[in-house]
Amino acid sequence: MADLKKITIEPVTRVEGHGKVTILLDENNKVKQARLHIVEFRGFERFIQGRPFWEAPVAVQRLCGICPVSHHLAAAKAMDWIVSGENLTPTAEKMRRLMHYGQTYQSHALHFFHLVSPDLLFGFDADPAIRNVIGVAQKFPELAVQGVMMRKYGQEIIKATAGKKIHGTGAIPGGINKNLSLAERDGFLADLDQHMEWARGSLKIAKDYTVEHLETLAPFGSFDSNHLSIVREDGAMDLYNGKLRAIDKDGNKIFDMVDNFKYHETIAEEVRDWSYMKFPFIRSLGPQDGWYRVGPLARINTCDFIDTPEAEAARKEFMAVTAGKPNNITMAYHWARMIELLHAAEKIKELLHDPDLQGTDLVVRGDRREEGIGIIEAPRGTLFHHYKVNEDDQITMCNLIVSTTSNNEPMNRAVQKVAEDHISGIPEVTEGLLNRVEVAIRAYDPCLSCATHAMGQMPLSVKLVDADGNVLSERSKG
Amino acid sequence: MPTTLVIGYGNPGRLDDGLGPALADRLEALGIPGVTVDSDYQLTVEDAAAVAQHDVVVFADAHVSCDPPFSFTRMEPDPGGILSFSSHHAEPEAVLALAKEAFGKTPAAFALGIRGYEFNEFGEQLSESARRNLDAALEFLVPRLQNQLILSEEEV
């Protein structure tokens, strides 16, 4: 280590929750190792202990301001087991699904238009002053408005199904606490055709860009990997409920149809001394080979089909690029994400036309249990919530595996690959080099914000430091 | 009557980071005519649509370093507050910039930063000092909203 130099990319948020990229160079300025440090939420699993189990679906939303709905639903699914088992009334399950597809729609739209489209529309090397959503608004105003309105539509669905935009209380152990009124339904139906059109257009942008630039994008931060998600029992993509499936880089199944209650028999978690984050891996393959990707790319790769027609047609086009084999191109995450965006819009349409959403049978009760596990496909990937509850209804154990944790190793690999291809031999942090590292991480849409957000944030800063701690080069943005 | 939007944002599960939503909760309970109150974990792009529909906007958030009890400053659109690394969070100046560029509207905008002290643990209560600062911020803001006074940072 004595001969290594370090490039550090450190977005420092106010208190914690910051990510930092460290690229270790040797004396010849060749990349030796790349590490993405993420300060994960700390102490939550302790914080929730001792609290009544029925509080969990609301309390877990405090974990993260970016994906509170995912935590809300995963916790509610786990607590269903405590009070009733997994079979909910049709109204309860469909209301939860509408909530989930609404959040998937808004999350994917926000990521694509806010964070990704500037890179695609202006190029990775464009001036950062214009390579942002404001730049998009100036040059492509209709796209900027579209992104805002898509996000807003999803947020309104969340509000109608969860009760509130933040701290939603809709999903409760054993069901849901409200249905969808006809007025709410008609309001969403009135805008639906427009959103279907926007979703198709978003998919076209992502697909055309990927296909047109395939030669450049294919090697960018890419590597072979395993992929993991839940899938429905018939092999269909199902973002809300299913059993675990993992495949290898060639599409061979490592395990399939694993019951949620046996997740810990197939997945283990490793701790490394340089990161607060855990590194999950497929137990049968071990930590060296058992890491896997989650999220849109993994889900498109693992499922056998998508049960909505337009997204299924798009999936077939996507899989044709790699002749039906799993797609291991990191930058293909964006295309996969937009297929899911269209799938979410189709599912919202399907649900809004289902009269079960106006049903009044909202909650079921069954045998009391002491353990519950809820697994859901959050926008960023598979999310695990596992709880034990004592006879006094208090939570005694909580274990969470969040999607960004599962993508921890893949993001490290992506950064290293980009660093090897673009940074080696250049002992200076340039804007273009920094942005390529960011672009690779951004493909995974990581959630690094299990943190606080207030005035006083510091900008992203990049440092090149030698083995003795001397700063060779420094660059900030923001 | 000019319309005013107050957005209180932050994470109520992170102690004093919940100052913004706490202010929003108390304001909403007052039901002041002409004032719309919103609350969220953080600002995001869709807030630009709501911002563009009002004459005056107040962004209320916890502040880590201002002089207690609070700061109140005029804001102008600035795209520099858009983060690009991974967060879906946007700074208020960037939301204003998006409202200007995408919707053609630039309301008079102010940042109300309420001094907080404890952020680094999970917990759903404000510190005692933060609570006092919240009271002071409300004492300043509420009469101005009730009487439709033009907001000015010079008054602070």
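The questions and answers below concern a predicted model.

Me: Which strands of the sheet β12-β13-β14 in chain A stand at the edges?
Reply: The sheet is open, has 3 strands and is paired antiparallel in the order β12-β13-β14. Two of these strands have a single partner strand each, so one side of each is left without a neighbour in the sheet. The edge strands are β12 (371-378) and β14 (395-401) of chain A.

Me: Which residue of β13(A) stands opposite A:Glu371?
Reply: β12(A) pairs with β13 (residues 381-389) of chain A in the antiparallel sense, over 8 bridges. Opposite A:Glu371, in β13(A), stands A:Lys388.

Me: At what angle to β12(A) does helix α3 of chain A run?
Reply: Helix α3 (residues 68-83) lies across β12, β13 and β14 of chain A. Its angle to β12(A) is about 150°.

Me: Is B:Thr44 buried or exposed?
Reply: B:Thr44 lies in the loop between β2 (35-40) and α2 (47-51) of chain B. Its side chain makes a polar contact with the side chain of A:Arg151 at 3.2 Å. The cut-off for burial is under 20% relative accessible area. B:Thr44 has 1% relative accessibility, so the residue counts as buried.

Me: How many residues of the contact of α4(A) with α13(A) are nonpolar?
Reply: The axes of α4 (residues 90-122) and α13 (residues 333-352) of chain A come within 9 Å and cross at roughly 145°, in a left-handed crossing. The contact residues include A:Leu98 and A:Phe112 of α4(A) and A:Leu341 and A:Ile348 of α13(A). Of the contact residues, 5 are charged, 6 are polar and the number of nonpolar ones is 13.

Key: Residues are numbered from 1 along each chain as its sequence is written. Chains are lettered from A and ligands numbered from 1 in the order in which they are written. This is a predicted model: local features need pLDDT of at least 70, side-chain atom pairs count only at pLDDT 80 or more; totals for chains, interfaces and linings use all residues. Side-chain values use heavy atoms; hydrogens and water are left out. Two strands pair if DSSP finds at least two bridges between them. Helices (H or I, at least four residues) and strands (E, at least two) are DSSP runs, numbered from the N terminus. Contact means heavy atoms within 4.5 Å. Axes are lines fitted to C-alpha atoms, for helices over the stretch in contact, and angles run from 0 to 180 degrees between N-to-C directions. Buried means under 20% relative accessible area, exposed over 50%, partly exposed in between (1.4 Å probe, protein chains only). A polar contact is a pair of N or O atoms within 3.5 Å; within protein, one must be able to donate a hydrogen and the other to accept it, and residues adjacent in sequence count only if both atoms are side-chain atoms. A crossing is left-handed if the near helix is turned anticlockwise from the far one by less than a right angle, and right-handed if clockwise. Ala, Val, Leu, Ile, Met, Phe, Trp, Tyr, Cys and Pro count as nonpolar, Asp, Glu, Lys and Arg as charged, and the others, Gly among them, as polar.
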